[in-house]
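User: Please take a close look at a single part of this structure and explain how it fits into the whole. Longer sentences are welcome, but please say what each technical term means when you use it.

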Amino acid sequence: MDSVLIVSNTSATFEVLSLMLGSEKFSRISTMQSGNQARQELINAEYDLIVIDAPLPDELGDDFALHAAEQTSAGIILIVENEILADVNANVEDMGIFVMPKPASPEFFYQAVKLLTAARNRISVLEDENKKLQEKISEIRLVDRAKLVLIQRLEMTEQQAHRYIEKQSMDMRQSRAVTAQNILKTYDM
């Protein structure tokens with residue numbers, strides 16, 4: 001994890017949370033004092049961890065936590081008064097938001113950060129795999145379109161079209177996707 005957004009209406013909380021986070025290796029810790037400011041910040045920057053000290057001056061904080069969960073893949077810790085912990089937790093737990101009671105003990109907070117760090121790292125790996133698979137699917141679709149063009153325009157069989165694309169890719173030392181794009185540019189009007 002590299003970046004943390006702390007949302008709280010008191011500077012004392014910023015200092016305490018920054019100290020608690022100090023043992024971790026965060027390159028950037030940003031602070032916002034309201035839900036609206038934090039929403040605007042999420043438009044401009046990405047964060048790996050978001051810590052919300054409720055209540056905020058313009059809202060309780062659970063709405064912002066839900067918004068952040070929908071808009072980002074950041075780990076989210078929502079710190080609330082013990083009296084409303086169960087209600088808030090029931091409202092946000094399905095979105096993967098970690099709810100902690102006030103006052104948060106440093107050990108419990110540290111464990112929550114470690115848990116969310118591990119979860120965020122796993123999510124990051126899955127996102128990378130998903131991106132690679134999406135790119136592979138796009139390449140397969142592109143190559144299939146090029147094969148179809150070769151079949152229609154040059155009356156090749158599917159096997160001949162496949163072999164032609166493979167051979168062109170090897171001969172030209174380029175990917176099958178580039179070869180397919182060149183075929184589509186040449187034959188597909």
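Analyst: **A loop proline and the sheet behind it**

P103 is found in the loop between β5 and α5, where helices (H or I, at least four residues) and strands (E, at least two) are DSSP runs numbered from the N terminus. This is a predicted model, in which local features need pLDDT of at least 70 and side-chain atom pairs count only at pLDDT 80 or more, while totals for chains, interfaces and linings use all residues. Residues are numbered from 1 along each chain as its sequence is written, and side-chain values use heavy atoms, with hydrogens and water left out.

What is the peptide bond from K102 to P103 like? The bond is cis, with omega near -10°. A second cis bond leads from A54 to P55, with omega near 0°, and P55 belongs to the loop between β3 and α3 (62-71). As background, most peptide bonds are trans, and most residues other than glycine have a negative phi. Two residues with a positive phi can be set beside these bonds: E155, which is not a glycine, has a phi near 55° and is placed in the loop between α5 and α6, while R173, also not a glycine, has a phi of about 55° and is placed in the loop between α6 and α7. E155 has a relative accessibility of 69% and therefore counts as exposed, where buried means under 20% relative accessible area, exposed over 50% and partly exposed in between, with a 1.4 Å probe and protein chains only. R173 likewise counts as exposed, because its relative accessibility is 78%.

The loop that holds P103 begins after β5, which belongs to an open sheet of five strands in the order β2-β1-β3-β4-β5, with parallel pairing; two strands pair if DSSP finds at least two bridges between them. The edge strands, each pairing on one side only, are β2 (28-32) and β5 (98-101). On average, and with direction ignored, neighbouring strands of this sheet are turned by 20° against each other, where axes are lines fitted to C-alpha atoms, for helices over the stretch in contact, and angles run from 0 to 180 degrees between N-to-C directions. Helix α4 (residues 85-92) lies across β4 (75-80) and β5, running at about 175° to β5, and contact here means heavy atoms within 4.5 Å.

Further into the sheet, β3 (residues 49-53) is mostly covered, since five of its five residues are buried. L49, V51 and D53 point one way from β3, while I50 and I52 point the other way. Strand β3 pairs in the parallel sense with β1 over four bridges and with β4 over five bridges. L49 takes part on both sides, as the bridge partner of V4 and as the residue opposite G75 in β4. Strand β1 (residues 3-7) also pairs with β2 over five bridges in the parallel sense, and I6 stands opposite T31 in β2.

On the other side of the P103 loop comes α5, which spans residues 106-154. E129 lies in this helix and, with a relative accessible area of 45%, is partly exposed; its C-alpha is 35 Å from that of A54, which is 75 residues away in sequence. A177, in helix α7 (residues 176-187), is buried because its relative accessible area is 17%. Leaving aside neighbours within four places in sequence, A177 is in contact with E139 and L142.

For the protein as a whole, the secondary structure comes to seven helices and five strands. The C-alpha trace spans about 75 × 30 × 25 Å along its principal axes. The radius of gyration, taken over C-alpha atoms, is 25 Å, whereas a compact globule of 189 residues would have one near 16 Å; the globule rule is 2.2 Å times the number of residues to the power 0.38.

How far to trust these details can be judged from pLDDT, the predictor's confidence in each residue, from 0 to 100. The mean pLDDT of the protein is 90, and 97% of its residues reach 70 or more. Among the elements, helix α1 (residues 11-21) has the lowest mean, 76, and helix α6 (residues 158-172) the highest, 95. Where pLDDT is low, the predicted coordinates should not be read in detail.
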